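User: Please take a close look at one helix in this model and at what surrounds it. Keep it brisk.

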Amino acid sequence: MNFEDYETLPTQNSLTHMTAGAIAGVMEHCVMYPLDSVKTRMQSLRSAHNGSIVETFRYMVQREGLLRPVRGMSVVVAGAGPAHACFFATYEQSKHTLSQLTRHRHDHITHGLSGCLASLIHDAVSNPTEVVKQRLQMLNSPYRGVWECARHVYRAEGLRAFYRSYGTQVTMNVPFQAVHFVTYEWCQSLLNPTRGYEPRAHLTAGACAGALAAAATTPLDVCKTLLNTQERGAEGLAGAAALVLRTSGPRGFFKGVAARVLYQMPAAAICWLTYETLKHALITVELEEAPALRLAPEPAAT
């Protein structure tokens with residue numbers, strides 16, 4: 001399949017991007033969920049025995065059970081599918097539209113802006129599930145399941161609690177996705193200049209993009225975790241940042257950075273490889289089912 005088949009045709013089919021994106025999002029979050037639980041514990045002010053990834057994971061398993069690191073995964077499955085479906089569909093459509101407007105003269109800016117727009121939609125869909133997930137991941141969490149946690153949060157704190165960290169989430173994810181997509185597309189231009197389906201190139205570019213974006217935005221992720229887990233004294237992004245500085249000093253903004261990078265590297269690689277593989281498969285099916293439409297001559301003018 002040549003470049004025009006792979007890049008130009010599918011941009012018009014949002015259903016292809018939504019289907020591939022939803023499956024990729026669920027795959028990414030489920031495979032890497034235990035490490036995400038470890039990262040949340042390391043960033044929390046309440047947790048003990050969180051000096052390293054291994055120490056935190058060992059403590060969770062030994063004291064709270066073998067399945068503790070995967071507690072709350074069901075809410076991620078419920079949220080990641082629609083969030084990533086909207087995310088990839090928005091990114092592809094924005095990239096196509098902006099590329100047409102700029103005539104491909106400013107591709108890095110196009111990719112960054114498209115990632116920012118996609119992030120706004122993704123975060124609006126995923127933020128409530130992120131709140132429930134992190135409440136379940138906390139040390140000594142009082143909730144036995146997803147629905148119990150969601151009901152309690154709603155009754156005790158109202159609907160606003162599910163978007164308490166939305167401003168911080170957007171503040172973090174807009175630069176995260178801008179760095180992520182610019183890095184991914186740049187790596188693709190080096191490793192896969194024809195922009196065909198190249199699994200190794202998608203895997204490598206995704207890992208590099210995830211690692212760089214994760215490291216750069218860790219301070220904001222720490223603040224988001226404090227807001228989601230309702231730490232006392234953390235009201236808004238400025239309040240959360242002041243609390244981190246007061247309790248842990250400047251180094252506190254990079255608590256869990258190793259876990260975050262180790263999570264995002266394979267997560268982004270898995271997500272991009274799954275997305276590009278499914279996108280390639282769905283496009284191939286489309287091309288095989290409608291060869292006549294692509295090859296039929298234009299009707300003569302009357």
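**Helix H2 and its neighbours**

Analyst: H2 and H9 stand roughly perpendicular to each other, because their crossing angle falls in the 65 to 115 degree range. This is a predicted model. The two axes cross at roughly 85° and come within 9 Å. Helix H9 spans residues 218-228. Two packed helices are described by the angle between their axes and the distance between the axes.

Now the residues at this crossing. H2 contributes Lys39, Thr40 and Gln43. H9 answers with Asp221, Val222, Thr225 and Leu226. By class, the contact of H2 with H9 holds 2 nonpolar, 3 polar and 2 charged residues.

Next, Leu35. Leu35 also sits in H2. Its relative accessible area is 17%, so Leu35 counts as buried, the cut-off being under 20%. Leaving aside residues up to four places away in sequence, Leu35 touches Ile53, Ala259, Leu262 and Tyr263. One pairing spans much of the numbering: Leu35 and Arg260 are 225 residues apart along the chain, yet their C-alpha atoms are separated by 8.1 Å.

Then His29. Helix H2 covers residues 14-43, and His29 lies within H2. With residues up to four places away again set aside, His29 touches Val76, Ala80, His84 and Tyr263. Tyr263 is thus a contact of His29 and a contact of Leu35. Gly81 is 52 residues from His29 in sequence, and the C-alpha to C-alpha distance is 9.8 Å.

A further residue leads back to H9 from another helix. Glu130 belongs to helix H5, residues 107-137. Its relative accessibility is 15%, so Glu130 counts as buried. Beyond residues up to four places away in sequence, Glu130 touches Gln169, Lys224 and Asn228. Lys224 and Asn228, both contacts of Glu130, fall within the 218-228 span of H9.

Finally, the setting of H2. The protein has 12 helices and 0 strands. Read along the sequence, the pattern is α throughout. The protein has 302 residues, and 48% of them count as buried. Consider contacts between residues at least 6 apart in sequence: 75% of these join residues at least 24 apart. The Leu35 contacts with Ala259, Leu262 and Tyr263 belong to the long-range kind. The accessible surface comes to about 14500 Å², and carbon and sulfur atoms account for 64% of that area.

Notes:
Residues are numbered from 1 along each chain as its sequence is written. This is a predicted model: local features need pLDDT of at least 70, side-chain atom pairs count only at pLDDT 80 or more; totals for chains, interfaces and linings use all residues. Side-chain values use heavy atoms; hydrogens and water are left out. Helices (H or I, at least four residues) and strands (E, at least two) are DSSP runs, numbered from the N terminus. Contact means heavy atoms within 4.5 Å. Axes are lines fitted to C-alpha atoms, for helices over the stretch in contact, and angles run from 0 to 180 degrees between N-to-C directions. Angles under 35 degrees count as roughly parallel, over 145 as roughly antiparallel, 65 to 115 as roughly perpendicular and the rest as oblique. Ala, Val, Leu, Ile, Met, Phe, Trp, Tyr, Cys and Pro count as nonpolar, Asp, Glu, Lys and Arg as charged, and the others, Gly among them, as polar. Buried means under 20% relative accessible area, exposed over 50%, partly exposed in between (1.4 Å probe, protein chains only). Accessible areas come from the Shrake-Rupley method with a 1.4 Å probe; for residues, only the protein chains shown count as cover.
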